Amino acid sequence: MTYPIVVYGHPVLRKVADDIDSDYPGLDQLIADLFETMYHSEGLGLAAPQIGKSIRIFVIDGKPAAEDEPALAEFKKAFINPHIIEKSGDLALMTEGCLSIPNLREEVNRESRIRITYYDENWKWHDEVYEGYSARIIQHEYDHLDGIMFTDKVSPLRKRLLKSKLTAISKGRFEAEYRTILPGQKIK
Ligand SMILES: [Zn+2]
């Protein structure tokens, strides 16, 4: 099933999400639903807080961006209890968007290399290094688990200019091809 996407301004997006246990009820279905919701809303990644669940899981499928970086065609993964243990490399500026902030795109600076530990959907533990575009997607999704939105990371000037746009979005003034939950609306 697909979930509605929680929109900017909802408190669940600002919480630090909790690690889960391997016997978390309905975990396989939840991961399948995260992928289905992500595909339905045409995102490259989706984090559990974006469907209203404050737990440390996100899914990524980089295929739609494979034109820009061919390696992304094969980059489809679920990250459970991920922890970025190192960020390094040059800062790179790139335009990002977010399903929780419909139709808004801004340039964000991020480190080009990360080391991350996580469990996959078979509860196998990984300790891996990612670079470039995949490192960027991971950092964006990972930030959701720490209550951080990509608009927090733009320059102070851009932040001031974005303020009214973000307020409008949080009040539902946007068009999206997927169902959403606005701040103040209950998560079912
Ligand atoms: Zn996002």
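This is a guided tour of a predicted model, with a suggestion at each stop of what to select and what is found there.

Residues are numbered from 1 along each chain as its sequence is written, and side-chain values use heavy atoms, with hydrogens and water left out. Because the model is predicted, local features need pLDDT of at least 70 and side-chain atom pairs count only at pLDDT 80 or more, while totals for chains, interfaces and linings use all residues.

**The zinc site**

Begin by selecting the zinc ion together with C98, H140 and H144, which coordinate the metal through SG of C98, NE2 of H140 and NE2 of H144 at 2.0 to 2.2 Å. Donors here are N, O and S atoms within 2.8 Å of the metal (3.2 Å for Na, K and Ca), and water is not among the atoms, so sites may look incomplete. Along the sequence, the donor residues follow the spacing C-x41-H-x3-H. Both H140 and H144 are buried, where buried means under 20% relative accessible area, exposed means over 50%, and partly exposed lies in between (1.4 Å probe, protein chains only).

**Helix 2**

Next, extend the selection to helix 2, residues 132-145, where H140 and H144 are 4 residues apart and therefore separated by about one helical turn. Helices (H or I, at least four residues) and strands (E, at least two) are DSSP runs, numbered from the N terminus. Helix 2 has 14 residues and reaches 21 Å from its first C-alpha to its last, close to the 20 Å expected at 1.5 Å a residue; the expected span is 1.5 Å times one less than the number of residues. Colouring by accessibility should show a mostly covered helix, as 13 of its 14 residues are buried. Just beyond, look at G147, which follows helix 2 and has a positive phi near 75 degrees.

**Salt bridges**

Now display the charged side chains: the whole structure contains 11 salt bridges, each defined as a side-chain nitrogen of Lys or Arg within 4 Å of a carboxyl oxygen of Asp or Glu.

Select R56 and D146, whose salt bridge has its closest N and O atoms 3.1 Å apart. R56 lies in the loop between strand 2 (45-47) and strand 3 (57-61) and D146 in the loop between helix 2 and helix 3 (156-170), so the pair ties together parts that are 90 residues apart in sequence. R56 is buried, with a relative accessible area of 4%, whereas D146 is partly exposed at 26%. While R56 is selected, add Y142, because the charged end of R56 sits over the ring of Y142, 5.4 Å from its centre; the criterion is that NZ of Lys or CZ of Arg be within 6 Å of the ring centre and within 35 degrees of the ring normal.

Move on to E96 and R110, a salt bridge with its closest N and O atoms 2.7 Å apart. E96 belongs to strand 4 (residues 76-98) and R110 to strand 5 (residues 101-119), so this pair ties together parts 14 residues apart in sequence. Both E96 and R110 are buried. Widen the selection to R136, D143 and K153, which are linked with E96 and R110 in a network of salt bridges.

A further stop is D127 with R115, again a salt bridge, with the closest N and O atoms 2.7 Å apart. D127 is in strand 6 (residues 125-131) and R115 in strand 5, so the pair ties together parts that are 12 residues apart in sequence.

**Aromatic rings**

Switch to the aromatic side chains, among which 7 pairs are found in the whole structure. The rings of F79 and Y118 have their centres 4.3 Å apart and their planes at 45 degrees, so the pair is tilted. F79 in strand 4 and Y118 in strand 5 are 39 residues apart, and the pair links distant parts of the chain. Rings of Phe, Tyr and Trp (its six-membered ring) pair if their centres lie within 6.5 Å, with planes under 30 degrees apart counted as stacked, over 60 as edge-to-face and the rest as tilted. F79 is buried at 0% relative accessibility, and Y118 is buried at 1%. Adding F58, F75 and Y130 completes a cluster in which ring pairs link these residues with F79 and Y118.

**Backbone stops**

Finish with E42, in the loop between helix 1 (27-40) and strand 2, which has a positive phi of about 60 degrees although it is not a glycine. E42 is exposed, at 74% relative accessibility.
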